[in-house]
Amino acid sequence: NSEQQVGIVGSGLIGHSFAMIYAASGYRVQIYDIKPEQVQHALSTIDEQLEHLAKNGLLRGKLTVKEQRSLITGTNDLAECVKDAFFIQECVYEDLDLKRGVHAKIDGLCKDDAIIASSASALIPSLISQNLKHKNRFIVCHPTNPPFYAPLVEVIPAPWTDPDVVVTTKQLLAETGQVPVIVKKEIDGFVLNRIQYSIIGECWRLYEEGVMSVEDIDKVMSEGLGRRYAFMGPLETAYLNADGMYNYGDKYREMIYRVQCTFGAPRKMEGPTLDKIQNELTSRIPLDQLNERRKWRDIRLASLQKLKNDL
Ligand code: NAD
């Protein structure tokens, strides 16, 4: 794989994580950012994380820290980053005009057969790529944050994306240990965020209506639903919670429908409820300790991955 190069455009949270994913599989990776200091920051974050993973026995792939690190280089030149890349992952801010501008530049610099992927969280691929010369090579690969520790990637082709781009992207992601799922139709929010937003919307409503504290709502997920969801999704959970789906429907459809009818219209996350949720969280996790808490989370996610691999 070290003969093949991946270009990462935008080296923030998602960009540096993708760089680690591809290097762990032996690809050469070039990281670019409009801000040179971001490239330096990404490289030092990668150093720190690789050491931390190795110390905890959680390094990914077969290569050593040194070998993985030697595959990653930073550049302040976009052409350098993308001109030889067979796969380009754009990871700039979620802003349609910015993404269109960045992709117009990549379009003029990349190889004709390169695959150009965007990390967009909700912007549909046809909106970003409609004016590109290489629009048939464009696809969205929406990762789960943090991508290195949460492997699911939503792969969303535009109507004009070549079928081989979908196949190769899926194969590449699977080879690196990520788990690709295909979104077959363009839809606002794709699938992960539609599900996530339905959960956060209901959590918000339950808190606002005084049903439960922030800490306890989060426990419903981390100690209840989430325990199962790390191994099987809600549909298989339902299937097993009765004797198959017909039986689940017979037993629970009226109750589920009755409760769903009480959900009501979406609410905006603002006002006094926002203040209260923020205050409850900051009293437990002060804002200057977010990085510590992220590290705490990431090590647990990596340990869960190890458990899943070992089972
Ligand atoms: P981030 O703010 O951490 O990083 C964005 C980087 O893009 C910055 O380093 C910035 O300097 C760089 N940048 C801005 N303009 C640029 C340009 N013209 N050329 C090159 N680099 C440029 O953002 P992030 O969280 O890494 O998000 C990147 C993308 O991934 C967004 O589309 C976001 O929606 C998506 N995403 C984010 C998450 C998440 O939870 N953070 C999850 C999934 C997908």
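**Exercise 1. Is Phe190 buried or exposed, and what is its phi?**

Start with accessibility: Phe190 has 0% relative accessibility, so it counts as buried (buried is under 20% relative accessible area, exposed over 50%, partly exposed in between, with a 1.4 Å probe and protein chains only). Next, the backbone: phi of Phe190 is positive, about 50°, although the residue is not a glycine. Finally, place Phe190 in the loop between β8 (179-182) and α8 (192-208) (helices are DSSP runs of H or I with at least four residues, strands are runs of E with at least two, numbered from the N terminus).

A word on the ground rules: this is a predicted model, where local features need pLDDT of at least 70 and side-chain atom pairs count only at pLDDT 80 or more, while totals for chains, interfaces and linings use all residues. Residues are numbered from 1 along each chain as its sequence is written, and side-chain values use heavy atoms, with hydrogens and water left out.

**Exercise 2. Find which residues surround the ligand, and which atoms lie at polar distance from its oxygens.**

Step one is the shell: 22 residues surround the ligand, and the closest are Asp33, Gln38, Glu94, Lys99 and Ser121 (a residue is near if one of its heavy atoms lies within 4 Å). Sort the shell by class and you get 11 nonpolar, 7 polar and 4 charged residues (Ala, Val, Leu, Ile, Met, Phe, Trp, Tyr, Cys and Pro are nonpolar, Asp, Glu, Lys and Arg charged, and the others, Gly among them, polar).

Step two is the atom pairs. A backbone N or O atom of Leu13 sits 3.0 Å from a ligand oxygen, and for a backbone N or O atom of Val92 the distance to a ligand oxygen is 3.3 Å. In the side chain of Asn145, an N or O atom is 3.4 Å from an oxygen of the ligand. Step three is cover: the ligand taken alone exposes 830 Å², and the protein buries 82% of that (Shrake-Rupley areas, 1.4 Å probe).

Last, ask which elements give two or more residues to the shell: they are α1 (13-24), α5 (96-109) and β6 (138-143). The largest share, 3 residues, comes from α5.

**Exercise 3. Work out which face of α5 is buried.**

First, the length: α5 has 14 residues and reaches 20 Å from first to last C-alpha, close to the 20 Å expected at 1.5 Å a residue (1.5 Å times one less than the number of residues). Then list the buried residues of α5: Lys99, Val102, His103, Ile106 and Asp107. Seen down the axis of α5, these buried residues fall within an arc of 145°, so they line one face of the helix (the arc is taken from the directions from the axis to the C-beta atoms). The spacing makes sense, because an α-helix has 3.6 residues a turn and residues three or four places apart point the same way. On the other side of α5, Asp97, Lys105 and Gly108 are exposed.

**Exercise 4. Where is the cis peptide bond?**

Look at the bond that joins Asn145 and Pro146: it is cis, with omega about -5°. Pro146 falls in the loop between β6 and β7 (152-157). Asn145 has already turned up, with a side-chain N or O atom 3.4 Å from a ligand oxygen.

Terms used
Polar contact = N/O pair within 3.5 Å; in protein donor to acceptor, adjacent residues only side chain to side chain.
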